[in-house]
Amino acid sequence: MLIDKLVGTWDVEMTVKLVDGAILRGKGKLKAQEIVDGFGVRTEMDLDVEGLGKYVEQDLWGYQRWEKKVHLYSITTTAAVHDHAGNWKDDNTLVFHWEGLNEGKPSAEDLTLKWVSADEITGHEVDIANGEVEMEIDYIFKRK
């Protein structure tokens with residue numbers, strides 16, 4: 001299962017592209033540990049992002065065998081709380097989707113994670129509000 005490959009400590013680089021053209025960059029760490037006898041992974045990402053400051057995200061990852069989906073439940077310091085559901089696109093790519101409300105507006109989030117190697121993962125996130133792209137985020141995770 002791909003989520004098992006998250007376990008460890010990672011350096012993280014993040015680039016946020018806002019709809020107005022502004023670009024924010026962040027750096028930090030992601031720590032991932034196996035939980036529930038190997039049925040899940042807990043991650044904590046701790047970043048410093050220019051223009052935003054400290055950003056922390058805690059996630060629970062698990063495979064729901066009856067639905068054959070991976071769930072990624074996220075809580076962040078931006079007050080975002082989402083349960084993303086996803087599937088493997090191929091042996092190295094995990095694709096997630098979330099839909100709900102953000103500040104009262106219909107919103108969605110698409111996240112693609114690609115294992116480039118055992119020690120590098122790239123991520124691309126697209127956040128949508130009221131049917132319009134609000135921001136895009138690119139991640140690079142490198143195992144320490």
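Which residue in β3 does Ile35 stand opposite? In this predicted model, the residue facing Ile35 is Gly40. That pair belongs to the antiparallel match between strand β2, residues 23–35, and strand β3, residues 40–49, which are joined by 10 bridges. Four residues sit between β2 and β3 in the resulting hairpin, and one of the turn residues, Val36, has a positive phi of about 50°.

On to the next strand along. β3 also runs antiparallel to strand β4 (residues 53–64), again through 10 bridges. Here Met45 stands opposite Glu57 in β4. The β3–β4 hairpin has three residues between its strands, with Gly51 in the turn showing a positive phi of about 85°.

Met45 turns up again in the interior: the largest nonpolar core has 25 residues, and Met45 is listed with Leu6, Trp61, Phe96, Leu113 and Phe141 as touching the most other members. Two or more residues come from each of β1 (8–18), β2, β3, β4, β5, β7 (93–102), β8 (105–117) and β10 (132–143). As for Leu113, its contacts beyond four places away in sequence include Trp61, Phe96 and Phe141, and Asn92, Thr93, Leu94, Ile121, Thr122 and Gly123 are touched too. In soluble globular proteins, nonpolar side chains tend to be buried together.

Not every nonpolar side chain is tucked away, though: Leu60, Tyr73, Ile75 and Val81 make a nonpolar surface patch of about 350 Å². Ile75 lies in strand β5, residues 69–76. Ile75 counts as partly exposed because its relative accessibility is 44%, which falls between the 20% limit for buried and the 50% limit for exposed.

Terms used
Residues numbered from 1 in each chain as written. Predicted model: local features only at pLDDT ≥ 70, side-chain atom pairs only at ≥ 80, totals over all residues. Heavy atoms only, no water. Patch = residues over 30% accessible without salt bridge, like charges linked within 9 Å, V, L, I, M, F, W, Y side chains within 5 Å. Areas by Shrake-Rupley, 256 points an atom, 1.4 Å probe, with all protein chains shown as cover. Salt bridge = Lys/Arg side-chain N within 4 Å of Asp/Glu carboxyl O. Buried < 20%, exposed > 50% of the residue type's maximum accessible area, 1.4 Å probe, protein only. Pairing = 2+ DSSP bridges. Core = buried A, V, L, I, M, F, W, Y, C linked by side-chain atoms within 4.5 Å. Contact = heavy atoms within 4.5 Å.
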